[in-house]
Amino acid sequence: MTQAMVKGSNVALDAPAVRAVLRWTPGTGVPDVDASALLLGADARVRTDEDFVFYNQPRHPSGLVRRLSKKRVGERLTDTVEADLAALDASVDQIVLAASSDGDTFRLVTDLRIALYDASTADAGAEPLAVFDVLPETGAENAIICGELYRRGDTWKFRAVAQGYPTGLVGLATAFGISVDESEPEATAAPGPEPETVARPAAGPPVPQAPPPPARPPGGRPAHAYPGPARVPGPGAPAGQEFRLPPMGPQFLRA
């Protein structure tokens, strides 16, 4: 029986592997949507930049978390993340399942839903284990945490989240410990026409630094809270883990 989720609710998962399917309705002026996943340790941060699974890094080195090709299903598009929960290293405490929009915010995205399936079955017509209709809170979000897979003892659970970020996929990744290098190489002087440049949105007000992850009580999970948007380090940032976010990859593959 499918569990209809509301924001903040959770459900236990009996499946050893799950398939999280993000779906939405495309249309004129509707931005494309991409699914992504972040594998987090017990401190609610990534262990390495390879723990970020997204459109240009679609497979975790372990092979246990992967992003599948986009598909058109009727009038909707889907993007999918699959995770082999039972085989994951014990150091992975949770997997954040997120969506990011390309070109505009989620105020223009309709029918955004995440559905969780048992990936260990081959039944294409199987009912989802859980569904959650993801609604933006302000309309200014261009990245949203849709849900979270997390350990509880020897089992895994899914929590419906719907927390938005106005700083996009970069801000989301940075908030969970990935240092994103967005610096561009300086252009060299050369004869001929000026190279075409990609317009960037006007800079908004400063975004406060994300607070440290909540402390984990003895024997339990940290309080249910996610880091807020963090400023992305630019040129001259302190040395540390570097991760360059490449341009968006192919949008979807047609059958």
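# Questions about a predicted chain

Biologist: Looking first at G63, would you count this residue as buried or exposed?
Modeller: I should say at the outset that we are discussing a predicted model. The relative accessibility of G63 is 11%, and a residue must be under 20% to fall in the lowest class. The value for G63 lies under that limit, so G63 counts as buried.

Biologist: Where along the chain is G63 found, and how many Å separate its C-alpha atom from that of D84?
Modeller: G63 belongs to the loop that runs between β5 and β6, the latter being residues 65-67. Along the chain, G63 and D84 are 21 residues apart, while in space their C-alpha atoms are separated by 8.8 Å.

Biologist: What secondary structure does the chain have, and in which order do its elements come?
Modeller: The chain has one helix and 13 strands. Reading from the N terminus, one passes through the strands and arrives at the helix at the end of the series, which gives the order β-β-β-β-β-β-β-β-β-β-β-β-β-α.

Biologist: Among contacts between residues at least 6 apart in sequence, what share joins residues at least 24 apart?
Modeller: The chain has 255 residues, of which 45% count as buried. For the contacts you ask about, the share that links residues at least 24 apart is 70%.

Biologist: Why can helix α1 be called largely enclosed by the rest of the structure?
Modeller: Helix α1 covers residues 168-175, and its buried residues include G168, L172 and A175. These buried residues pack against β4, β5, β9, β12 and β13. The helix is described as largely enclosed because, of its eight residues, the number that are buried is eight.

Biologist: Which residue just after α1 takes a positive phi, and of about what size?
Modeller: The chain continues past the helix, and it is just after α1 that this backbone angle appears. The residue is G177, with a phi of about 105°.

Biologist: Which two residues have a positive phi of about 60° although neither is a glycine, and what class of accessibility does each have?
Modeller: One of them lies in strand β10, residues 110-118, and the other in strand β13, residues 155-165. The residue in β10 is D111, which at 39% relative accessibility is partly exposed. The residue in β13 is A162, with a relative accessible area of 4%. The names and classes are therefore D111, partly exposed, and A162, buried.

Biologist: How many residues make up the largest nonpolar core, and which have the most contacts inside it?
Modeller: The largest nonpolar core has 39 residues. A second, separate core has 20 residues, among them F54, I145, L172 and V180. Inside the largest core, the residues with the most contacts are I95, L97 and L149.

Biologist: Beyond four places in sequence, which residues with names beginning in L does I95 touch?
Modeller: With those sequence neighbours left aside, the partners of I95 include A37, V65, A83, G147 and E148. The leucines in its list are L38, L39, L85, L88 and L149.

Biologist: What is the C-alpha distance between L38 and D51?
Modeller: L38 lies in strand β4 and is buried, at 0% relative accessibility. Its contacts beyond four places in sequence include D51, I95, L172 and A173. L38 and D51 are 13 residues apart in sequence, and from C-alpha to C-alpha the distance is 5.7 Å.

Biologist: Which strand gives the largest share of the lining of the largest cavity?
Modeller: Searching the whole structure yields one cavity of 30 Å³ or more, and the largest cavity holds about 50 Å³ of space. By class its lining has nine nonpolar, one polar and one charged residues, and A20, S36, D79 and C146 are among those that line it. At least two lining residues come from each of β3, β4, β8 and β9. The largest share, three residues, is supplied by β3.

Biologist: How confident is the predictor over the chain, and which stretches have a pLDDT below or under 50?
Modeller: The mean pLDDT of the chain is 80, and 70% of its residues reach 70 or more. One stretch with pLDDT below 50 has 29 contacts in the model beyond near neighbours in sequence, and another, under 50, has 20 contacts beyond four places in sequence. These stretches are residues 231-244 and residues 246-255.

Conventions:
Residues numbered from 1 in each chain as written. Predicted model: local features only at pLDDT ≥ 70, side-chain atom pairs only at ≥ 80, totals over all residues. Heavy atoms only, no water. Core = buried A, V, L, I, M, F, W, Y, C linked by side-chain atoms within 4.5 Å. Buried < 20%, exposed > 50% of the residue type's maximum accessible area, 1.4 Å probe, protein only. Contact = heavy atoms within 4.5 Å. 1 Å grid on protein atoms, 1.4 Å probe; cavity = no way out; pocket = protein on both sides within 12 Å on 5 of 7 lines; lining within 4 Å. Points joined across faces, edges and corners; volume = space filled by probe spheres on them. Helix = DSSP H or I, 4+ residues; strand = E, 2+ residues; numbered from the N terminus. Nonpolar A, V, L, I, M, F, W, Y, C, P; charged D, E, K, R; others polar. pLDDT = per-residue confidence, 0-100.
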